[in-house]
Amino acid sequence: SVLQTKTALDIALAPAEAEAFEEALVWNFDSIATSLSRVDVRNAEAFILADRDMILRVAEETVGLSKLNELVLGRMREWLAGAGREALARLPGAERGTSWLLWGVAGLLKSQGKLDEADPLCRETLEARREV
């Protein structure tokens with residue numbers, strides 16, 4: 001299973017949605033991160049209600065819904081951090097240092113305990129703001 005194999009979470013977006021999402025990343029990273037914290041597998045939807053109920057029952061009997069929420073949220077935060085890094089790489093240098101995205105990605109990495117990755121981003125933000 002995905003939980004046992006540590007399979008990557010990939011989220012595919014149509015080109016127009018990807019463009020809108022990237023703009024939201026740059027300008028509203030924190031609101032996206034906050035929205036992720038509201039994810040709850042108990043609110044999942046399925047075309048066939050019986051399928052949803054069966055999936056939730058099996059999840060509860062195996063890993064438990066709270067643990068599954070924790071795992072899903074962790075994977076989604078990993079994905080968001082990666083998407084944020086990719087968006088940062090595409091920002092012009094003059095914008096990058098003062099963008100809220102840089103600070104948001106640094107904060108997300110810090111909350112994930114990835115201090116070695118967060119530290120250079122925090123330093124970059126501080127240096128850019130000193131120059132302004």
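Reader: Which residues make a nonpolar surface patch of about 210 Å²?

Author: The model shown here is predicted, and its surface carries a nonpolar patch of about 210 Å². One member of the patch, isoleucine 11, has its place in the loop between α1 (2-5) and α2 (15-36), and with a relative accessible area of 36% it is partly exposed. The residues that make this patch are Leu9, Ile11 and Leu13.

Reader: How many helices and how many strands does the protein have?

Author: Reading from the N terminus on, the elements of the protein run α-α-α-α-α-α-α. Along its principal axes, the C-alpha trace spans about 60 × 35 × 25 Å. The count of elements in the protein is therefore seven helices and zero strands.

Reader: What share of the 132 residues in the protein is buried?

Author: A residue counts as buried when its relative accessible area is under 20%, and leucine 109, whose place is in helix α6, meets that condition with a value of 0%. The accessible surface of the protein comes to about 8900 Å², of which 56% belongs to carbon and sulfur atoms. Among the 132 residues, the buried share is 28%.

Reader: Which residues is leucine 109 in contact with, leaving aside its neighbours within four places in sequence?

Author: Leucine 109 sits in helix α6 and is buried, with a relative accessible area of 0%. Its C-alpha lies 8.6 Å from that of glutamate 78, although the two residues are 31 residues apart in sequence. Leaving aside the neighbours within four places in sequence, the contacts of leucine 109 are Ala81, Arg85, Lys114, Glu117, Ala118 and Leu121.

Reader: Which side chain meets that of lysine 114 in a salt bridge?

Author: In this salt bridge the distance from N to O is 3.0 Å, and the pair links distant parts of the chain, 36 residues apart, with lysine 114 in the loop between α6 (100-111) and α7 (115-131) and its partner in helix α4 (residues 65-90). Lysine 114 counts as partly exposed because its relative accessibility is 21%, and the partner, at 41%, also counts as partly exposed. The side chain that meets lysine 114 is that of glutamate 78.

Reader: Is arginine 123 buried or exposed?

Author: Arginine 123 and aspartate 119 meet through their side chains in a salt bridge of 2.8 Å, N to O, and, being four residues apart in helix α7, they are separated by about one helical turn. Aspartate 119 counts as partly exposed at 35% relative accessibility. For arginine 123 the relative accessibility is 53%, so this residue counts as exposed.

Reader: What is the N to O distance in the salt bridge between arginine 57 and glutamate 61?

Author: Arginine 57 and glutamate 61 are four residues apart in helix α3 (residues 49-62), which means that they are separated by about one helical turn. Arginine 57 is partly exposed, with a relative accessible area of 45%, whereas glutamate 61 is exposed, at 59%. Their side chains meet in a salt bridge whose N to O distance is 4.0 Å.

Reader: How far apart do the centres of the positive and negative side chains lie?

Author: A search of the whole structure finds 10 salt bridges, among them the one that joins arginine 123 to aspartate 119. Counting the charged side chains of the protein gives 16 positive and 22 negative ones. The centres of these two sets lie apart by 6 Å.

Notes: Residues are numbered from 1 along each chain as its sequence is written. This is a predicted model: local features need pLDDT of at least 70, side-chain atom pairs count only at pLDDT 80 or more; totals for chains, interfaces and linings use all residues. Side-chain values use heavy atoms; hydrogens and water are left out. Helices (H or I, at least four residues) and strands (E, at least two) are DSSP runs, numbered from the N terminus. Buried means under 20% relative accessible area, exposed over 50%, partly exposed in between (1.4 Å probe, protein chains only). Patches are made of residues with over 30% relative accessible area and no salt bridge: like charges are joined within 9 Å, nonpolar side chains (Val, Leu, Ile, Met, Phe, Trp, Tyr) within 5 Å. Accessible areas come from the Shrake-Rupley method with a 1.4 Å probe; for residues, only the protein chains shown count as cover. Lys and Arg count as positive and Asp and Glu as negative; His and the chain ends are not counted. The place of a charge is taken as NZ of Lys, CZ of Arg, CG of Asp or CD of Glu. Contact means heavy atoms within 4.5 Å.
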